[in-house]
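Let's walk through this one together, one question at a time. Have the viewer open and follow along.

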Amino acid sequence: MPKLRTKKILAPEKQILAFPDHYVNLPGKIAYAALKAAAAADADFEGAKTLKKGTVVKLDADGNVTIPEAAGEGNGIVFNTIKLDDYDADTDPYINVAVLVHGFVRKDRLVGAENLKSELIHVVNN
């Protein structure tokens, strides 16, 4: 039986886009183990572990998403927050994730901005 998702909405999540009408997302998949390793407690989700929207990631040609370990290895940004509790290692070996690969983003809302190196993603200092 699928897990039911609930979220207390007091205010929408902050937008990472500087210009919300000019961006491109590609589908990717992240391994459950990588998601679990990268997830951190999130106050916006009552302390649940999440992969926060705005996290810099590396998207390969096969659509696999990993967290870059060194500066300059990231070529994409997680577009939607992923909650770890919504998935299970046994039934969900991979989780779908939307990865921003082109657009204008705000630097103050990125996680791991120093790892991003992409000519198609323009970082605005707001």
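**Strands, charges and rings**

Q: In S5, which residue is the bridge partner of Lys29?
A: This is a predicted model, and in it S1 and strand S5 (residues 64-66) run parallel, joined by 2 bridges. The bridge partner of Lys29 in S5 is Asn64.

Q: Over the face of which residue does Lys29 lie?
A: A Lys counts as sitting over a ring if its NZ is within 6 Å of the ring centre and within 35 degrees of the ring normal. Lys29 is placed 5.1 Å from the ring centre, over the face of Tyr94.

Q: How many bridges pair strand S1 with strand S8?
A: Strand S1 covers residues 23-31 and strand S8 covers residues 94-106. Leu26 has Val99 in S8 as its bridge partner. The two strands pair in the antiparallel sense, and the number of bridges is 9.

Q: Which strands are the edge strands of the open sheet with the order S2-S3-S7?
A: This open sheet has 3 strands with antiparallel pairing. Within it, S2 and S3 are joined by 2 bridges, and Ala41 has Lys49 in S3 as its bridge partner. An edge strand here pairs on one side only, which is the case for S2 and strand S7 (82-83).

Q: Is Asp42, the salt-bridge partner of Lys52, buried or exposed?
A: The side chains of Asp42 and Lys52 meet in a salt bridge at 3.3 Å, N to O. The two are 10 residues apart, with Lys52 in the loop between strand S3 (49-51) and strand S4 (56-59) and Asp42 in the loop between strand S2 (40-41) and S3. Lys52 is partly exposed, with a relative accessible area of 25%. Buried means under 20%, and Asp42 has a relative accessible area of 6%, so Asp42 is buried.

Q: Which residue meets Asp108 in a salt bridge?
A: Side chains of opposite charge can pair when their charged atoms come close. The partner of Asp108 is partly exposed, at 22% relative accessible area. At 3.0 Å, N to O, the residue that meets Asp108 is Arg106.

Q: Why is the pair of Phe19 and Phe104 edge-to-face?
A: The count comes to 2 aromatic pairs. In one of them, the ring centres of Phe19 and Phe104 are 5.2 Å apart. Planes over 60 degrees apart count as edge-to-face; the pair therefore qualifies, with its planes at 85 degrees.

Q: How many residues apart are Tyr23 and Phe79?
A: Tyr23 and Phe79 form a stacked aromatic pair, 5.1 Å centre to centre with 25 degrees between the planes. Tyr23 is in strand S1, and Phe79 is in the loop between strand S6 (76-78) and S7; their separation along the chain is 56 residues.

Note on methods: Residues are numbered from 1 along each chain as its sequence is written. This is a predicted model: local features need pLDDT of at least 70, side-chain atom pairs count only at pLDDT 80 or more; totals for chains, interfaces and linings use all residues. Side-chain values use heavy atoms; hydrogens and water are left out. A salt bridge is a side-chain nitrogen of Lys or Arg within 4 Å of a carboxyl oxygen of Asp or Glu. Helices (H or I, at least four residues) and strands (E, at least two) are DSSP runs, numbered from the N terminus. Buried means under 20% relative accessible area, exposed over 50%, partly exposed in between (1.4 Å probe, protein chains only). Two strands pair if DSSP finds at least two bridges between them. Rings of Phe, Tyr and Trp (its six-membered ring) pair if their centres lie within 6.5 Å; planes under 30 degrees apart count as stacked, over 60 as edge-to-face and the rest as tilted.
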